[in-house]
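Open the model in a viewer and keep the sequence panel beside it. The tour below goes from one selection to the next and says what is found at each stop.

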Amino acid sequence: MEFTLSRIALGLWRAKEWNYNTQQLLSLVNQVLELGITSFDNADIYGDYECEALFGNVLRESPSIRDKMQIITKCGIKLISQKFPATTIKHYDTSKQHVIQTVENSLKNLNTEYIDLLLIHRPDPFMNADETAEAFHELKKSGKALHFGVSNFFPHQFSLLQSRLDFPLKTNQIKASVLCTDHFDNGTIDYLQEKKVLPMAWSPFAGGRLFYENNEQEVRVRNVLFEIAKKYNAEIDAVAASWLLVHPVNFIVVLGSGKIERIKSAMKGLDIHLSREDWFKVWTASKGIDVP
Amino acid sequence: MEFTLSRIALGLWRAKEWNYNTQQLLSLVNQVLELGITSFDNADIYGDYECEALFGNVLRESPSIRDKMQIITKCGIKLISQKFPATTIKHYDTSKQHVIQTVENSLKNLNTEYIDLLLIHRPDPFMNADETAEAFHELKKSGKALHFGVSNFFPHQFSLLQSRLDFPLKTNQIKASVLCTDHFDNGTIDYLQEKKVLPMAWSPFAGGRLFYENNEQEVRVRNVLFEIAKKYNAEIDAVAASWLLVHPVNFIVVLGSGKIERIKSAMKGLDIHLSREDWFKVWTASKGIDVP
Amino acid sequence: MEFTLSRIALGLWRAKEWNYNTQQLLSLVNQVLELGITSFDNADIYGDYECEALFGNVLRESPSIRDKMQIITKCGIKLISQKFPATTIKHYDTSKQHVIQTVENSLKNLNTEYIDLLLIHRPDPFMNADETAEAFHELKKSGKALHFGVSNFFPHQFSLLQSRLDFPLKTNQIKASVLCTDHFDNGTIDYLQEKKVLPMAWSPFAGGRLFYENNEQEVRVRNVLFEIAKKYNAEIDAVAASWLLVHPVNFIVVLGSGKIERIKSAMKGLDIHLSREDWFKVWTASKGIDVP
């Protein structure tokens with residue numbers, strides 16, 4: 001079962017805030033598909049449990065696009081929400097029953113017969129790895145989810161879940177950007193490179209802080225990005241995307257914007273082949289000190 | 001060689017302070033055996049090197065109970081003590097000679113022919129893993145100790161010692177409680193779940209702080225425990241024990257009390273099957289912030 | 001292909017500052033060879049890229065000593081230097097091309113046909129492990145470098161590079177001394193003991209701070225060293241060296257002095273077999289608190 005994601009994915013995290021009707025969202029989806037973005041990143045909880053259905057409406061409207069895309073969704077967090085009044089505290093649930101039930105619900109919401117890539121949303125300190133793995137095995141067997149991964153897992157958490165599976169986890173979706181380099185230092189990215197697991201990077205522009213925030217780190221990094229952007233004849237979002245895309249671990253970059261112009265601008269990062277020295281200029285600006 | 005511990009163990013750490021004569025201690029031991037507590041946790045150094053002998057007196061008094069119990073003891077710490085005037089600084093000794101000699105001494109003190117489970121008490125930065133492993137292999141061969149484990153080891157320390165052994169380490173006795181969640185975050189508990197090693201939890205009520213201390217964390221956790229305890233019709237010690245007992249890593253909980261009523265109260269934790277949501281209520285109270 | 005280093009290595013880090021002419025440096029090399037120091041630690045960048053050539057002059061002057069020694073050198077850092085005006089920021093380069101090119105340059109500078117042990121100088125957050133491994137494999141095949149290792153790598157970084165090699169990395173040269181015990185705590189030294197990789201210790205006297213600095217830690221440690229030195233009838237540098245040499249991980253200690261008297265003094269550490277208790281006296285003085 002071959003499996004590929006596009007180097008850039010569209011994140012539906014804020015799809016509700018975009019305030020698009022189904023036609024408008026379909027139009028966006030068609031446009032990004034044309035640009036080569038074929039991977040769409042959802043989660044059951046996005047938009048207070050409503051974003052998946054928005055995307056599902058698009059698929060109901062235009063069923064033929066389903067084959068051209070990979071749908072990613074996540075499970076394992078229980079939010080306080082009027083939709084689930086029984087939940088009285090935000091918590092995690094990676095039990096077999098909850099994982100399977102969530103996926104079945106996601107399938108309905110998304111109007112699809114299968115999830116391409118299902119992720120555990122957050123590491124759960126109460127995870128029974130045997131149980132979670134059983135859910136994965138069952139979902140794989142039934143065809144309800146084709147591939148599996150995790151999000152925000154440290155190596156020891158990844159390794160625990162992997163130890164109970166008879167197939168490899170495909171991704172670890174982590175927070176990484178020119179402003180957030182923790183996982184480059186704490187072993188997570190080295191581990192993923194060693195195990196040949198493709199990471200996905202969420203919040204690749206640090207939730208916009210890269211563009212407007214004026215703290216020391218943001219200013220330092222932005223200045224360096226502007227300097228580099230000139231050289232490559234691009235915008236700083238493209239350089240920031242390239243900074244992730246050229247890394248040898250082979251990040252998939254999840255863009256959270258619903259504006260096609262912003263998406264196109266960031267996608268230019270694919271054409272920039274940031275030099276090693278430029279990569280370290282950004283690294284050094286982000287850290288605020290020279291490498292040792 | 002089958003090997004099981006009871007889910008609750010009795011810790012003899014403070015046995016000297018209990019001020020029981022042999023008959024009284026035998027009575028306690030008989031009572032807890034009747035409750036299903038069959039594992040007794042000692043260490044050479046407990047009570048300034050005197051606790052093992054107190055327990056040994058019980059076995060001399062009533063040899064027939066030996067078969068009904070598992071004796072755990074530890075080695076590897078050298079205390080400053082009038083009993084060992086040659087020692088001028090507290091330090092660790094995991095050398096072959098010291099480990100074997102300590103066990104032989106423990107056998108005498110405990111009035112037994114074998115230790116069920118021997119632990120290295122603390123990770124030793126000067127450990128020669130080959131030597132320590134040799135001691136274990138020799139003790140196993142001679143039958144002086146049947147099973148082996150460690151205490152307070154991080155995964156890399158566990159992995160080092162395990163790498164030199166031709167049998168699996170059976171436990172890692174770590175500090176864990178509703179007030180001490182470090183090992184849930186630092187990879188230790190995930191590692192033990194992955195390797196299917198049963199941890200033992202020492203200080204499961206945080207040395208009593210859970211009951212009397214009035215710092216922010218203690219108050220937050222205690223309030224949540226009281227709230228949950230009502231629902232399960234139990235005391236907060238039972239809920240705190242349950243919080244460990246229901247965790248998928250399968251903790252053995254080491255109780256340090258010599259009062260049968262306190263022990264009985266905590267043992268009710270075995271009958272409480274704390275819900276996942278309640279587990280996270282305690283977790284969140286302990287951390288002071290919602291899960292991310 | 002057998003491979004051994006001497007327990008004490010001579011570091012050429014400050015060879016330029018020694019201000020020796022070739023005859024003087026040759027004299028030093030001959031003297032240390034006679035003492036049993038056969039391993040010489042270089043790096044391309046030492047002395048603003050000039051130290052290797054100083055050592056190479058010695059080998060040109062006296063080719064016959066080449067067979068009696070092991071030459072270690074390092075690559076992977078690009079300094080800002082007038083010699084490489086194209087480099088505009090200090091950064092790392094572990095690309096295949098740079099590694100191979102650096103070694104070829106080192107061979108010329110060092111006047112030798114092979115490097116005994118080539119190290120990656122610093123962990124590179126932009127390392128493509130496949131590429132770096134390819135460089136190593138090619139250098140090994142061509143005979144330009146015989147053995148390979150790293151420096152300042154954490155276990156996850158070591159493990160990543162090792163995973164791509166079909167031979168074992170021989171060393172990890174790390175900063176370790178009676179004043180710098182980080183790697184004893186963070187898993188690095190345990191990992192190296194587990195994998196049976198010999199570490200080299202750089203800055204074994206903390207860059208001289210051990211002798212002259214009057215901060216709390218330095219004073220505490222120095223006092224303990226003086227006390228111990230008396231007992232062993234040695235100087236404190238010998239005790240500090242012994243503290244590393246007796247550790248079960250089997251450190252190679254890299255001395256950075258160009259003065260034969262200092263080298264001889266430190267080498268006496270080989271004859272001191274520091275007791276376990278004395279080892280912990282130093283450990284405790286370094287930490288400032290008793291072991292737990």
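How many salt bridges does the rule find across the interface of chain A and chain B? Keep that in mind while selecting the two chains; the model is predicted. The rule finds 2 salt bridges across this interface.

**Stop 1: chain A against chain B**

Show A:D124 and B:R276 as sticks. Their side chains meet in a salt bridge, at 2.8 Å from N to O. Polar contacts can be drawn next: across the interface of chain A and chain B there are 17 residue pairs in polar contact, with both residues at pLDDT 80 or more. On the chain A side that touches chain B, β5 (91–92) and α7 (155–162) each supply at least two residues. The largest share of that side comes from α7(A), with 4 residues. Colour the chain A side by class and the residues divide into 8 nonpolar, 10 polar and 5 charged.

Now widen the selection to the whole contact. Chain A gives 23 residues to it, and chain B gives 21 residues. The two chains bury about 2,100 Å² between them, with 56% of that area on carbon and sulfur atoms. Select A:I89, A:P125 and A:F126: these residues supply 33% of the area that chain A buries against chain B, more than any other three residues.

**Stop 2: helix α7 of chain A**

Stay on chain A and select residues 155–162, the helix α7. Is this helix enclosed or open? Of the 8 residues of α7(A), 6 are buried, so the helix is largely enclosed by the rest of the structure. The buried residues to label are A:P155, A:Q157, A:F158, A:S159, A:L160 and A:L161. Then show what they pack against. Within chain A, the partners are β6 (115–120), α6 (129–142), β7 (145–151), β8 and α9 (188–195). From chain B, α9 (188–195) also packs against the buried residues of α7(A).

**Stop 3: a loop residue in chain A**

Move along chain A to A:T181, which lies in the loop between β8 (171–175) and α8 (182–185). Is A:T181 buried or exposed? Its relative accessibility is 7%, and the cut-off for buried is under 20%, so A:T181 counts as buried. To see its surroundings, select A:W243, A:W283, A:S286 and A:K287; A:T181 touches each of them, leaving aside residues up to four places away in sequence.

**Stop 4: chain A as a whole**

Hide the other chains and show chain A as a cartoon. The secondary structure of chain A comes to 14 helices and 10 strands. Along its principal axes, the C-alpha trace spans about 50 × 45 × 40 Å. The radius of gyration of chain A is 19 Å, which agrees with the value near 19 Å for a compact globule of 292 residues. Colour by accessibility, and buried residues make up 61% of the 292 residues in chain A. A contact map adds another view of the chain: among contacts between residues at least 6 apart in sequence, 76% join residues at least 24 apart.

**Stop 5: chain C against chain A**

Bring chain C back and select its contact with chain A. Here 23 residues of chain C are in contact with 21 residues of chain A. Chain C and chain A bury about 2,100 Å² between them, 56% of it on carbon and sulfur atoms. On chain C, select C:I89, C:P125 and C:F126, which supply 34% of the area that chain C buries against chain A, more than any other three residues.

Next, pick out A:R276 and C:D124. The side chains of these residues meet in a salt bridge (2.8 Å, N to O); across this interface the rule finds 2 salt bridges. The count of residue pairs in polar contact between chain C and chain A is 17, with both residues at pLDDT 80 or more. On the side of chain C that touches chain A, β5 (91–92) and α7 (155–162) each supply at least two residues. The most comes from α7(C), with 4 residues.

**Last stop: helix α7 of chain C**

Finish on α7(C), where 6 of the 8 residues are buried, so the helix is largely enclosed by the rest of the structure. Label the buried residues C:P155, C:Q157, C:F158, C:S159, C:L160 and C:L161. What covers these buried residues includes α9 of chain A, and, from chain C, β6 (115–120), α6 (129–142), β7 (145–151), β8 (171–175) and α9 (188–195).

Terms used: Residues numbered from 1 in each chain as written. Chains lettered and ligands numbered in written order. Predicted model: local features only at pLDDT ≥ 70, side-chain atom pairs only at ≥ 80, totals over all residues. Heavy atoms only, no water. Contact = heavy atoms within 4.5 Å. Buried area = accessible area lost by both parts, 1.4 Å probe. Salt bridge = Lys/Arg side-chain N within 4 Å of Asp/Glu carboxyl O. Polar contact = N/O pair within 3.5 Å; in protein donor to acceptor, adjacent residues only side chain to side chain. Nonpolar A, V, L, I, M, F, W, Y, C, P; charged D, E, K, R; others polar. Rg over C-alpha atoms; globule rule 2.2 N^0.38 Å. Buried < 20%, exposed > 50% of the residue type's maximum accessible area, 1.4 Å probe, protein only.
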